[in-house]
Structures are given as C-alpha cells and as structure tokens.
Amino acid sequence: MSSQIIPVEPFDYVVFGGTGDLAERKLLPALYHRQLAGQLTDPTRIIGASRTVMTDAEYRQFAVDALKEHVKGDYDDAEVQKFTEKLFYVAVDAKSEQGWDDLKTMLDEAKERVRAFYLAVAPAIFGDIADKIQAHDLITDTTRIVVEKPIGRDLESATMLNNTIGRVFREEQIFRIDHYLGKETVQNLMALRFANALYEPLWNSAHIDHVQLTVAESVGLESRAGYYDKAGALRDMVQNHILQLLCLVAMEVPPSMNAEAVRDEKLKVLRALKPITPANVEKMTVRGQYRAGASSGGAVRGYLDELEGGVSNTETFVAIKAEINNWRWAGVPFYIRTGKRMAERMSEIVITFKPIPHSIFDEGAGRIAQNQLVIRLQPDEGVKQSLMIKDPGPGGMRLRNVSLDMSFAEAFAARNADAYERLLLDVIRNNQTLFMRRDEVEAAWQWVDPILKAWEETGQAVQGYTAGTWGPSQSIALIERDGRTWHEND
Ligand code: BG6
C-alpha cells in the first residue's frame, strides 16, 4: 500500500546556493525522488544559482555525483538522465549585478509557471537576494520564496530578518522550512490525534501525566563548528524543531487542516509557554557538552577537542522542563531533551497517562505500569501503545505490561520519504500547513530568549557528558526530582 502520487504542474525552482551542501545532500536527492515517483512534469526546470561559474553540463554532472552519493539504491540511469535534463545553471552574485539579467531572461521564458526561489544560503545574504529579485522584476503572481533556519539567533535578529524578506514578499509567499514538520511521523501525530476517537478525549491534564520529547543524535559537530559553536543546542534544535513538535502535541483541535487554522493553534501554545527566569532556570534546564567517548561504534573526541582554540561554553545538549499555562495542560510537564553525540540516533514523543486511580488486584498480580503512547520519529518510524494485560495461562491473575507496536516500514512496505520531498512540492502546491508563519518563529524566540539571558545572567555552566551516553546526570535528576524517569527503549 502506498500513497497516491498526484503530478504537479510544471514549475521553475531556482536554488540559490545550488552548489552547496544542502542542495547536494537534500534538495537535489529530494527532487530526484519526486521524479522517480512520476511527480515532476515537463517542462519543469530546476535552476541552480550561485557565484561559481559553471555550465549547465557541469551542473548536471554535479547533480549526478550528488545523487550517486545520496540516493544510493534508488539511482537509476534512465531516470537520472530525465532528471538532469530538467537542470540548468546560472552564475549569479547576490552582491553585484553579475548574472541577474541571464536569470531574468531564463525565467521570462515561462512567466506563467509557478516560480519558487529557494534560499539555501547564509541568512546574511537573504536581504541582498530578495532585493535583487525585486529590482530585476522577477516576482510574478505565482512566485514563492523558501527560507531555511536559522531564522535569527534571538528575537531581535529574527524580526529584522523577517522584516527584510517581508519588504519584498508578502507573508503568504514566504515558506519558512522546518524540516521536522515534513517528517512522516510528525504528520502522523496529527492523524493519530485527529482521525481517531480514542485519544483526543484523554488528551489533557485530567488523563495525561507528562510528555517527553527526545531528539537524540549520534553525530557530533560534523564540519559545522563555525555555525554550531555560536548557536548551541537550544537555538539549533529547541527554538524550531522541538517547539514545533511540542505545538503539534499540545495544540487545540484546529477546525481544519487549513494552514492558518493549524498555525493559529500552534501559535497559542507558544504564547502559553511558561517563561523561564533567572530565578528558576537552574531548576528547569540543564546544559551539557560532550566529552571524549565512543559513538557509532568508534572512539570520538570531545567537543572542545574538535574546536579550534579548544575553549567554549556552548551547550551540545539541553534538557528543559517546559510548562504550558492553559486549562488543557496545567500541571503537565513537557520534558524536552536533545543533544549531539548521544547513545544513539533516536527521536520520539512519549505520552505517559496517569496511573489508574485504584487497583482491584492483590499485590501478587505485580506492578501496574502507567500506559504510554510512544511516537517514534526516527529511526524506524512507528507508534507503540503500552497496555497492561493478564499474563496468559492458568495460575492466578498476574499482570504484564505489553506493547501494541507498529513499525510503519513493516506495516506499509513503503519507502520512508525524506521530509524535503514533501516540503519542496508543498511550496509548488502552495500549501503552507507545514511551514512556520512569521508570528510563530517570533513567539518561539520570545520563549527562548529569556532562557539564553538567564543562562548568561546566572552563569549556568555546561555539564560534561561522555560521548555515547544519554547526557549529563543532571538531566536524569531533572526528571527524577519529579518522581519520573526518561523513557527507555526496550
Ligand atoms: C538541523 C540542525 O536543523 O537538524 C542539525 O541544524 C541537526 O544540527 C539536524 O543535526 C537534525 O535533523 P535530522 O533530520 O537528521 O534529525
């Protein structure tokens, strides 16, 4: 069983940063997979744009190399040939006039087509590119612009960046990507909540004890020290991906899947997050930094050894006890944790229900565990619901905690599409549901900024943790203080 493929009308996708890392690892492979699925119709064009001078043929070769490396088993000579025929290249410089007339000539050949500009470049030049697009009259009625995180490093810089883009594009033309929203299981969260009668009546503080959100990575700095050391885990993962997940878990039922309806509800959650202050920051948050250890089967260096200069107070791990000030969630903590170089790559949302109010079983029946719903984002996407049952067989009533466990890969035998595949085409289809609206980004910063400030003000130190573990012991203490434990996979 697989989802229905609906071809999209021909479009022009201009990828600024077309020879960069994101284009190579994610964008070209994602578009190629859509080609394989039969979704790209001729005469679609994907136009790489960057400062490097290169011919179309050279760009096509760049794409072939990228696909060989990144689509592995799905590489098919005939399909790659058809895909590369859609690729073009233009050398443009965001800071000068170089190349813009060529781009205009190219795009003007098909003014009626949906046109998307993807800014896979440093945010510092978003403004230059937007201005040039406007100055060269490249915006048609069906033009969209796509931007990637980081959208600022605090509320002030995010607002400035949003203003810069907003001077040229209307909000409904701006697609802010958070690739976590494109992940299969993240959307499944909405299906679980809103397409089943079972969960929604229980989805509140009367029945839910607490929620855990874990996004653990086994990778370290990779080659991103320049960016990462200035960002840290809170800005890099929590401000965007994790808060978006939290919103989808916590939001009220939107009236429809319409983009504004969903985003209105997410915004309300962000605005209801209880502020963290210098007075409680140490109790509510843990900052960690990995030390040398073992990860992915080999010895790895510590964070500081990977950095030039070897000195940094940047957190590569963060745990937070978040609270939402509204009727639905009063008294239900949302424990968040994310980090680099953790024990394994594993992301999940765990909903723990309240204990039963009274047990009718005698002690010999064993402990009655609280029901848990585990939504696994990666790897091995799926859903697991734990239930107490009677241990089969004669000999009295003994209770056992078992799981109804569904792995999507096994259940549907479908390839798990990368988030970018869905998101890139949602831009063409003009569907904003899985993109962040300006006010959401700013509201997320409004909650994150005071945490950053409180850390600075109180001088909260990073706690070392050995690479290949689940983070510093203070993270365990954060949840155990409340009589709870982090969910462990069996
Ligand atoms: C990015 C972060 O947004 O998400 C990276 O900048 C992180 O630091 C990545 O590694 C994680 O994405 P995924 O899809 O691999 O979980």
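This passage walks through a sheet, a set of paired strands, two helix contacts and one loop glycine in a predicted model.

A good place to start is the open sheet, which is built from 7 strands. Reading across, the order is β3-β2-β1-β4-β5-β6-β17, and the pairing is mixed. At the edges sit β3 (87–91) and β17 (435–436), each of which pairs on one side only. Strands of a sheet pair through backbone hydrogen bonds, and that pairing can be either parallel or antiparallel. Inside this sheet, β1 (residues 11–16) and β2 run parallel, joined by 5 bridges. One residue pair helps to pin down the register: aspartate 12 has arginine 45 of β2 as its bridge partner.

Further along the chain comes another run of strands, with β14 (residues 372–378) taking two partners. On one side, β13 (residues 346–353) pairs with β14 in the antiparallel sense over 6 bridges. β14 also pairs with β15 (residues 382–390), again in the antiparallel sense, this time over 4 bridges. Leucine 373 is a handy landmark here, since it turns up in both pairings: isoleucine 351 stands opposite leucine 373, and leucine 373 in turn stands opposite glutamine 385 in β15. As for cover, β14 is mostly tucked away, with 6 of its 7 residues buried. The hairpin of β14 and β15 has 3 residues between the strands, and in this hairpin aspartate 380 takes a positive phi near 55°.

Next come the helices. Two packed helices are described by the angle between their axes and the distance between the axes. For α6 (residues 155–166) and α15 (residues 438–458), the angle is about 165° and the axes lie 9 Å apart. Angles over 145 degrees count as roughly antiparallel, so α6 is roughly antiparallel to α15. The crossing of these two helices is right-handed. From α6, the contact draws on Leu155, Ala158, Thr159, Asn162 and Asn163, while α15 brings Arg438, Glu442, Trp445, Gln446 and Asp449. Sorted by class, the contact of α6 with α15 holds 3 nonpolar, 4 polar and 3 charged residues.

The second helix contact involves α1 (21–36) and α3 (residues 77–84). Their axes come within 10 Å and cross at roughly 115°, and α1 and α3 are therefore roughly perpendicular to each other. Here too the crossing is right-handed, with α1 passing α3. On the α1 side, the residues that meet α3 are Leu28, Leu31, Tyr32, Gln35 and Leu36; on the α3 side they are Glu79, Val80, Lys82 and Phe83. By class, the contact of α1 with α3 divides into 6 nonpolar, 1 polar and 2 charged residues.

That leaves one loop residue to look at. Glycine 38 lies in the loop that links α1 to β2 (45–50). Partly exposed means a relative accessible area between 20% and 50%, and glycine 38 comes out at 42%, so glycine 38 is partly exposed. Leaving aside residues up to four places away in sequence, glycine 38 touches Ile5 and Pro7. With isoleucine 5, the two residues are 33 residues apart along the chain, yet their C-alpha atoms are separated by 7.5 Å.

Conventions. Residues numbered from 1 in each chain as written. Predicted model: local features only at pLDDT ≥ 70, side-chain atom pairs only at ≥ 80, totals over all residues. Heavy atoms only, no water. Buried < 20%, exposed > 50% of the residue type's maximum accessible area, 1.4 Å probe, protein only. Contact = heavy atoms within 4.5 Å. Pairing = 2+ DSSP bridges. Axes fitted to C-alpha atoms, helices over the stretch in contact; angles between N-to-C directions. Parallel < 35°, antiparallel > 145°, perpendicular 65-115°, else oblique. Left-handed = near helix turned anticlockwise from the far one by under 90°. Nonpolar A, V, L, I, M, F, W, Y, C, P; charged D, E, K, R; others polar.
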